[in-house]
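Me: Could you take a close look at one helix with me, and then walk outwards from it? I am a first-year student, and a step-by-step tour would help.

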Amino acid sequence: MIEIAEPMELEKESVSLERVPTSIFKDATEASKAVAQEIAGIIRRKNAAGKPAVLGLATGSTPKKVYAELIRMYQEGDLSFENVITFNLDEYYHIEPDAVQSYHRFMKEQLFDHVNILPENCHIPTGTLPLEKLSACQHYEAMIEELGGLDFQILGIGRNGHIGFNEPGSLINSRTRLMTLDITTRIDASGDFGSLAKVPRRAITMGVKAIMDAKRVVLLAFGEHKAEIIKKAIEGSVTEAVPASYLQGHVNVKFVLDEASAAELTSRKTPWLLEDVVWDKVMTKKAVTHLALSLNKPILKLTNREYNENGLSDLLANYGQAYDINIQVFQGLQHTITGWPGGKSFASDVNRPERAVPAQKRVLIFSPHPDDDIISMGGTFQRLVDQGHEVHVAYQTSGNIAVADDEALRFIDFLVDFNEKFNLENDKYGKVFEEARTFLKDKKNSEIDIPSVRYVKGLIRQGEAKATCRFVGIPTENAHFLNMPFYETGAVQKNPIGEADVQIVADIIAEIKPHQIYAAGDLADPHGTHKVCLDAIFEALARLKKEEYMNDCWVWLYRGAWAEWNIHEIEMAVPMSPTQVLQKRYGIFKHQSQKDGVVFQGSDSREFWQRAEDRNQATAELYNKLGLAEYAAIEAFVRYHY
């Protein structure tokens, strides 16, 4: 009988599937500082040579921190913009330059108004030109060519791979032109405009050729929602379906990413396929769960052959047998599952994610918006209350921009009619409501809500949050409304986090002295509020970590309605029965202003309760596919060590 040997894998060398030079930073802040330093270096070198620095600029949330860092350097006397000439990539059509969503206004607010650049040196496509005068687009490129081309072009990337507003289908030799916007682009922009219907259908954009002619191109991408398209742009073939892939042919280009946007790159997702890795518990769990899900097999059924055939021979060599690895990973996953998120009193906690003592814990749940607590961890929220813990919720922002104008008007009409019917005297608030009603009735698409309107919308969200707390069973005094000031701009774009924001968070932690903190670690939030709120929490924890009460405080991160933790990342999994799933749904329904059409729906047309249920069910299905018990739904958490 002839024995067939196990297939042997060739020794791996350090290789890369990335077809573009790529730099990956810990976060967007560090990445943005590096890009700003490069831009500053170009400005200084050109200035020393007596020549202008010609910069191609982008808009949107991605480059904002780059511009903030350039402003900082200017204000500290380290950089001058007197000899800088700029050309922006694009502008909506048709849009007035002073409109809230206009890129003219964006650039003034985010850069031009804060540095010493000459107004005549700032060029942005005009979004109000009559159609018959759009031949000016050719003049736009001619001005760039007369200056010798762009010294530096900064880019973002759309979820569909667009650069500028060069949508899928744009050719590599395309010129500056009027472009019809892809539906994905319009959906992503709907938050800025208040609804999809208000988003312009066209835009003027610099062509791909002008971008490719730039002497240096840097593309930035931040956040999990960019991970899939980044993988296509960097590792995929060059195709007009992904215009950013054209950059693979540029002689001096770099993609600058944070960890979240780089997550789908092979070097990050399956690094063992490219190079030798350290097989610690985290990497082992990541590799084995990936293998099992790829083969659609339970972990305990994986074989030596399957390890060898899928790039895991090194892992097998470390342990000797697949059986031993399988058992270790399976038990590790099993130990993440608990029905006692606050710890099970009078029970061994050796294999449980949380401590048994103290038996009754003080718990502080941070909710970035007034509904994130119930959407993201409603089942866990309910269990903590039912199991006797002292639960507090800190709502970090008012969430007022997510209330539709019609909803606010309905609320105001009720109050005014109620006061009139019962002859109630309330001059102070009556004037506020009347002012808000007058504004909303004549509100223009380009206008930001005035303070009285934001106050009314904030009251609506606050009332809904209180209703949820009553539904779950915590007293009203345990609901804390922080109203962090960074949020109160009236627009989707927020102010940078400030000292006041951090202090507010630190104060509530010091007041509660919690044994557990839950915070939103969902960095896929396309509007960025979750990230800012999390940064404030992290900074507050860093300041308070030496306090004695913090020695006994554990921090758990949940995800919001946009994404879920990867299975190998999960450290606590709280299962839910079908009844608990329904109870969570009813809790979400308390947020009536967020039902039946949300102002900032994003690209996902499902309501938040549907997203939450689908996400929780999908997590439960993953556990089941890996061979563990089958649950109706699971909420997942990762512990943060500060």
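Reply: Happy to! One term comes up again and again: two residues are in contact when heavy atoms of theirs lie within 4.5 Å. Another is "buried", which means a relative accessible area under 20%. Please also keep in mind that this is a predicted model.

Let's start with helix H9, which covers residues 281-295. How far apart are its end C-alpha atoms? They are 21 Å apart, and this agrees with the 21 Å that 15 residues should span at 1.5 Å a residue. Just after H9 comes Asn 296, with a positive phi of about 55°.

Now look at which residues of H9 are hidden. The buried ones are Met 283, Thr 284, Lys 285, Lys 286, Ala 287, Val 288, Thr 289, Leu 291 and Ala 292. What do these buried residues pack against? Their partners are H8, helix H10 (304-309), helix H11 (313-319) and H12.

Let's zoom in on one of those partners, H12. Two packed helices are described by the angle between their axes and the distance between the axes. For H9 and helix H12 (residues 322-334), the axes come within 10 Å and cross at roughly 100°. Angles of 65 to 115 degrees count as roughly perpendicular, so H9 is roughly perpendicular to H12. On the H9 side, the meeting residues are Lys 281, Thr 284, Lys 285, Val 288 and Thr 289. On the H12 side, they are Ile 325, Gln 328, Val 329 and Leu 333. Sorted by kind, the residues of this contact are 4 nonpolar, 3 polar and 2 charged.

It can help to set another helix pair beside this one. Helix H2 (residues 64-75) and helix H3 (residues 103-110) also have axes that come within 10 Å, and these cross at roughly 40°. H2 and H3 are therefore oblique to each other. Here Lys 64, Tyr 67 and Ile 71 of H2 meet Phe 106, Met 107 and Gln 110 of H3. This contact divides into 4 nonpolar residues, 1 polar and 1 charged.

Back to our helix, and one step outwards. H8, one of the partners of H9, leads us to helix H7. The buried residues of H7 pack against helix H8 (266-269), and also against strand E1 (22-25), strand E9 (217-221) and strand E10 (253-258). Those buried residues are Ala 227, Ile 229, Ile 230, Ala 233, Ile 234 and Glu 235.

That brings us to strand E9. Is E9 mostly enclosed or open to the outside? It is largely enclosed by the rest of the structure, because 5 of its 5 residues are buried. Val 217, Leu 219 and Ala 221 point one way from E9, while Val 218 and Leu 220 point the other way. E9 pairs with E10 in the parallel sense over 5 bridges; in one of them, Leu 220 has Val 256 of E10 as its partner. E9 is also parallel to strand E6 (residues 152-155), over 3 bridges. There, Leu 155 is partnered by Leu 219 of E9.

Strand E6 holds a residue worth pausing at, Gln 153. Its relative accessible area is 0%, which means that Gln 153 is buried. What does Gln 153 touch beyond residues up to four places away in sequence? Among its contacts are Val 217 and Val 218, both of which belong to E9. Others include Gly 56, Leu 57, Leu 89, Met 206 and Ile 211.

Our last stop is a small side trip to a sheet of 3 strands, an open one with the order E4-E8-E7 and antiparallel pairing. Its edge strands are E4 (90-93) and E7 (177-180), each pairing on one side only. On average, neighbouring strands of this sheet are turned by 30° against each other, direction ignored. E4 is joined to strand E8 (residues 202-205) by 4 bridges, and Tyr 93 has Arg 202 of E8 as its bridge partner.

Definitions and conventions: Residues numbered from 1 in each chain as written. Predicted model: local features only at pLDDT ≥ 70, side-chain atom pairs only at ≥ 80, totals over all residues. Heavy atoms only, no water. Pairing = 2+ DSSP bridges. Helix = DSSP H or I, 4+ residues; strand = E, 2+ residues; numbered from the N terminus. Axes fitted to C-alpha atoms, helices over the stretch in contact; angles between N-to-C directions. Parallel < 35°, antiparallel > 145°, perpendicular 65-115°, else oblique. Nonpolar A, V, L, I, M, F, W, Y, C, P; charged D, E, K, R; others polar. Buried < 20%, exposed > 50% of the residue type's maximum accessible area, 1.4 Å probe, protein only. Expected span 1.5 Å × (residues − 1).
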